[in-house]
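Student: Please take a close look at the aromatic ring pairs in this chain. Which rings pair, and where do they lie?

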Amino acid sequence: HQLTSFLDHSSLCPPFVFSAMPSEFPTPEGGDAGRWCPDGKGTGHHTPAAAKVKKSITEVFGKASEQKSFGSGKYSMRVEITSCNVKRIDLKAYGLNVPNCWVKINVGPHEARTCTLFGLDPIWEDVYEFKFDTEPKDTEFKATFYMDEAQDGGKQIGDTQRFLLEVLVIGKQLFKQLVVPGGGVNFMVTADNFGKEDVPMGDTLGFLDDDDEGGMMMDSDEDDE
């Protein structure tokens, strides 16, 4: 009778509820099969594990510029970012955790970028067209190389490099290279309707530090003699 009386008046006392954390159920392979969530009343429910969807490369890494043609004007040029090879770079020395690469190019006020690809020798073959009205000698064409995009959008490797448009040959595709630590980034550049009529003599890389003849300034061993 005393026990019955206690049970009959138990509603007057604060209810005693068991507190339990959801229990996990591993799969035979060690994965997650879901969780059992008790309700404190001797029952509960099973919550299936959320399916893990593997992200595509474009979701994980930066996307290339969707726009392939930029600007308008009387001058037109095309830039194909073909590939890079930085296999000689010291990843630890530059604080790089993930060996992925991408390139940004600027022609006048316009900017384009490749997608970010994993590896030290990715191939892009991305072609961009730029049009502008400013004189080629007054129009900046620059390229910058980045790695390990997870670090604040990428770590710049090497200096931003400027190429001279006035040394291009009209209608002729010329090879250019952005020299960076551990290797370089390769371009093919075509001036559609401006540039020199004849192939420039000497080096055609067209760096900003070219001499007045269009060739690249080099140190001479004869100066030391």
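Tutor: What follows deals with the aromatic pairs and then with a charge over a ring. This is a predicted model, in which local features need pLDDT of at least 70, side-chain atom pairs count only at pLDDT 80 or more, and totals for chains, interfaces and linings use all residues. Residues are numbered from 1 along each chain as its sequence is written, and side-chain values use heavy atoms, with hydrogens and water left out.

Rings of Phe, Tyr and Trp (its six-membered ring) pair if their centres lie within 6.5 Å; planes under 30 degrees apart are stacked, over 60 edge-to-face, and the rest tilted. By this rule there are eight aromatic pairs. One of them is the tilted pair of F70 and Y128, with 6.4 Å between centres and 50° between planes. F70 belongs to strand β4 (residues 69-70) and Y128 to strand β9 (residues 123-132), so this pair ties together parts 58 residues apart in sequence. Strands here are DSSP runs of E, at least two residues, numbered from the N terminus. F70 and Y128 are both buried, that is, under 20% relative accessible area with a 1.4 Å probe, protein chains only. Ring pairs also join F70, Y128 and F130 in a cluster.

Y75 and F132 make another tilted pair, 5.8 Å centre to centre with 35° between the planes. Here Y75 comes from strand β5 (residues 75-85) and F132 from strand β9, 57 residues apart. Y75 is buried at 13% relative accessibility, and F132 is buried at 6%.

Finally, the charged end of R113 sits over the ring of W102, 3.7 Å from its centre; the rule asks for NZ of Lys or CZ of Arg within 6 Å of the ring centre and within 35 degrees of the ring normal.

Terms used
Helix = DSSP H or I, 4+ residues; strand = E, 2+ residues; numbered from the N terminus. Buried < 20%, exposed > 50% of the residue type's maximum accessible area, 1.4 Å probe, protein only.
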